[in-house]
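Biologist: I have a new model open and would like to learn how to read it. Could you take me through the fold, one feature at a time?

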Amino acid sequence: MISSPDARRRSLPAAVAALLLALAAVLLPGVPASAHDELVSSDPAADATLDALPSSLTLTFSAEVLTDDGATVIEVTDAAGTRLDEGAPVVAGTEVTQALNGEGSGAVTVLWRVVSSDGHPIDGDFSFSVPVAASTPTPTASASTSTPTPTAVESSAPSEAAETAAAPAETASATSPLPWILLVVALVIVAGVLVYVFAARGRGDAADRGSVGR
Ligand SMILES: [Cu+2]
């Protein structure tokens, strides 16, 4: 099939077409994306840590977003899912402002959707954090302080047991060197006796050889 010249001639345009399609797939998605507006900045900024929930939220886009009814949606919720946005968002040129209300605590999530100046809807989300409400930390703080206490008692109990267990081991190791010293002393004595005996024999041999040879 591949060796046939006709097949090669037919497959060449197909290969070129496939190559062009692949190039188009790589290059073309960038074209409409660059035409979309983008969220340039926000106030509060993404991942910001604030002292308190601000009274409003402002999003700044790269171009004027459309002001059609329902085109702009902003949902602001806290960690518990409580809605913090109040009233409709206000679009003014490239800026969208959303009034906030409530006592948001912890992570605050902002979901936004606007219609880009080219008519395409774009959306995104980000979050910032505000201090956790005063009523919430009390049970978590008492729970965290009460939890380590039993673990501290549990951890001290095995260490005491380990110390008492280690004490007999130390006395055992303290008494054990004495038999070893006695054994070494006995070996030294035996060795000394053997050396004396062999030395005496050697002297005897030398004396014999000396009397004969020299
Ligand atoms: Cu677009």
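Modeller: We'll go from the overall layout to the sheets, the core and a few backbone oddities. One caution at the start: this is a predicted model, so local features need pLDDT of at least 70, side-chain atom pairs count only at pLDDT 80 or more, and totals for chains, interfaces and linings use all residues. Residues are numbered from 1 along each chain as its sequence is written.

Biologist: Fine. How many helices and strands does the protein chain have?

Modeller: Helices (H or I, at least four residues) and strands (E, at least two) are DSSP runs, numbered from the N terminus. Here the protein chain has five helices and seven strands. Read from the N terminus, the elements go α-α-β-β-β-β-β-β-β-α-α-α.

Biologist: Which strands pair up in the open sheet of four strands?

Modeller: Two strands pair if DSSP finds at least two bridges between them. The four-stranded open sheet has the order β1-β2-β5-β4, with antiparallel pairing. β1 and β4 (90-92) are at its edges with a single partner strand each, so one side of each has no neighbour in the sheet. From one strand to the next, the twist averages 20 degrees; for such angles, axes are lines fitted to C-alpha atoms, for helices over the stretch in contact, and the angles run from 0 to 180 degrees between N-to-C directions. Inside this sheet, β2 and β5 (residues 95-99) pair over five bridges, and Thr-60 has Glu-95 in β5 as its bridge partner.

Biologist: And what is the order of the three strands in the other open sheet?

Modeller: That order is β3-β6-β7, and the pairing is antiparallel. The edges are β3 (73-77) and β7 (121-130), each with a single partner strand, so one side of each lacks a neighbour in the sheet. In this sheet the twist averages 10 degrees from one strand to the next. β6 (residues 106-115) and β7 pair over ten bridges: Gly-106 stands opposite Val-130, while Ala-107 has Ser-129 as its bridge partner. β6 and β7 form a hairpin with five residues between them, and Gly-119 in the turn has a positive phi of about 95 degrees.

Biologist: Now the interior. Which residues have the most contacts inside the largest nonpolar core?

Modeller: A residue is buried if 20 or more other C-beta atoms lie within 10 Å of its own, exposed if 12 or fewer, and partly exposed in between, with C-beta atoms placed from the backbone. A nonpolar core is a set of buried Ala, Val, Leu, Ile, Met, Phe, Trp, Tyr and Cys residues joined through C-beta atoms within 7 Å. The largest one here has 17 residues, and Val-65, Val-76, Val-108 and Val-114 have the most contacts inside it. β2, β6 and β7 each supply at least two residues of this core, and β6 gives the largest share, five residues. Across the protein chain, buried residues make up 12% of the 214 residues.

Biologist: What does Val-65 touch?

Modeller: Contact means that the C-beta atoms of two residues, placed from the backbone, lie within 7 Å. Leaving aside residues up to four places away in sequence, Val-65 touches several residues, including Val-91, Val-96 and Val-114.

Biologist: Last, the backbone. Where does Pro-44 lie?

Modeller: Most residues other than glycine have a negative phi, and most peptide bonds are trans. Pro-44 lies in the loop between β1 (39-43) and β2 (56-61), and the peptide bond from Asp-43 to Pro-44 is cis, with omega near 5 degrees. Asp-47 is in the loop between β1 and β2 too, with a positive phi near 70 degrees. Asp-47 is exposed, with 9 other C-beta atoms within 10 Å.
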